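Colleague: Before we discuss the packing of this chain, could you show me the model and then take my questions in turn?

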Amino acid sequence: MGYSGGGADRAAAHAGTQVRGVNAAFGALRRSMQLVDGAMKAYDPLKSPNPEEWLAMDEQERLHLVERFHRRAGIRLPNVEAHAVAHVMVENQVALGDGLPVKRTVQRLMSEGLDRHDAIHAVGSVLVGYLNDLLAAPEAAIGTDPAAGYYAELEQLTAKSWLSSG
Ligand SMILES: [Zn+2]
């Protein structure tokens, strides 16, 4: 009988709704526990984020925290989203640690007098410039390690060159 089949379907749909409700409740509970556990609630570029906490977030959360920092700090930017993307790319590379030259470049720039936020901007501007060059002439990178040119530019970057760049 089609009618009882429909009833079974409705029962299944109802059970599904309940399961989803329970899952949502658990999700909310898990998130609140993470907050209690000290997961990142806010991003402050002057402090190095805990690499594990940073990498545990998804990209959207990272962008959201970075954008929120700049908005709350009242920092005027032509494009806060693009600025956040640059921050997140650099922080991702910093979080990967000593396998990349990025973390030590940020540290070196700070030893040269930049605050951490400015050091992130300096590295970000090299990265964005490099990516733009790569997109404009991708054939130039064929057969080479595309990151090598970026790392070489980081070696050239100094607090002085950044400050005099504008
Ligand atoms: Zn910034």
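Colleague: What share of the contacts with a separation of 6 or more comes from residues 24 or more positions apart?

Modeller: This is a predicted model, in which local features need pLDDT of at least 70 and side-chain atom pairs count only at pLDDT 80 or more, while totals for chains, interfaces and linings use all residues. Residues are numbered from 1 along each chain as its sequence is written. Taking two residues to be in contact if their C-beta atoms, placed from the backbone, lie within 7 Å, the share that comes from residues 24 or more positions apart is 52%.

Colleague: Which residues of helix α5 are buried?

Modeller: Helices are DSSP runs of H or I with at least four residues, numbered from the N terminus, and a residue is buried if 20 or more other C-beta atoms lie within 10 Å of its own. The buried residues of α5 are covered by elements that include α4, α6, α7 and α8. Within α5, which spans residues 102-111, the buried ones are Val102, Thr105, Val106 and Leu109.

Colleague: Why are they on the same side of α5?

Modeller: An α-helix has 3.6 residues a turn, so residues three or four places apart point the same way. The directions from the helix axis to the C-beta atoms define the arc, and the buried residues lie on the same side because they cover an arc of only 100°.

Colleague: At what angle do the axes of α4 and α5 cross?

Modeller: Axes are lines fitted to C-alpha atoms over the stretch in contact, with angles from 0 to 180 degrees between N-to-C directions. Val90, Gln93 and Val94 in α4 meet Val102, Lys103 and Val106 in α5. The two axes come within 7 Å, and they cross at roughly 105°.

Notes
Buried ≥ 20, exposed ≤ 12 C-beta atoms within 10 Å, placed from the backbone. Helix = DSSP H or I, 4+ residues; strand = E, 2+ residues; numbered from the N terminus.
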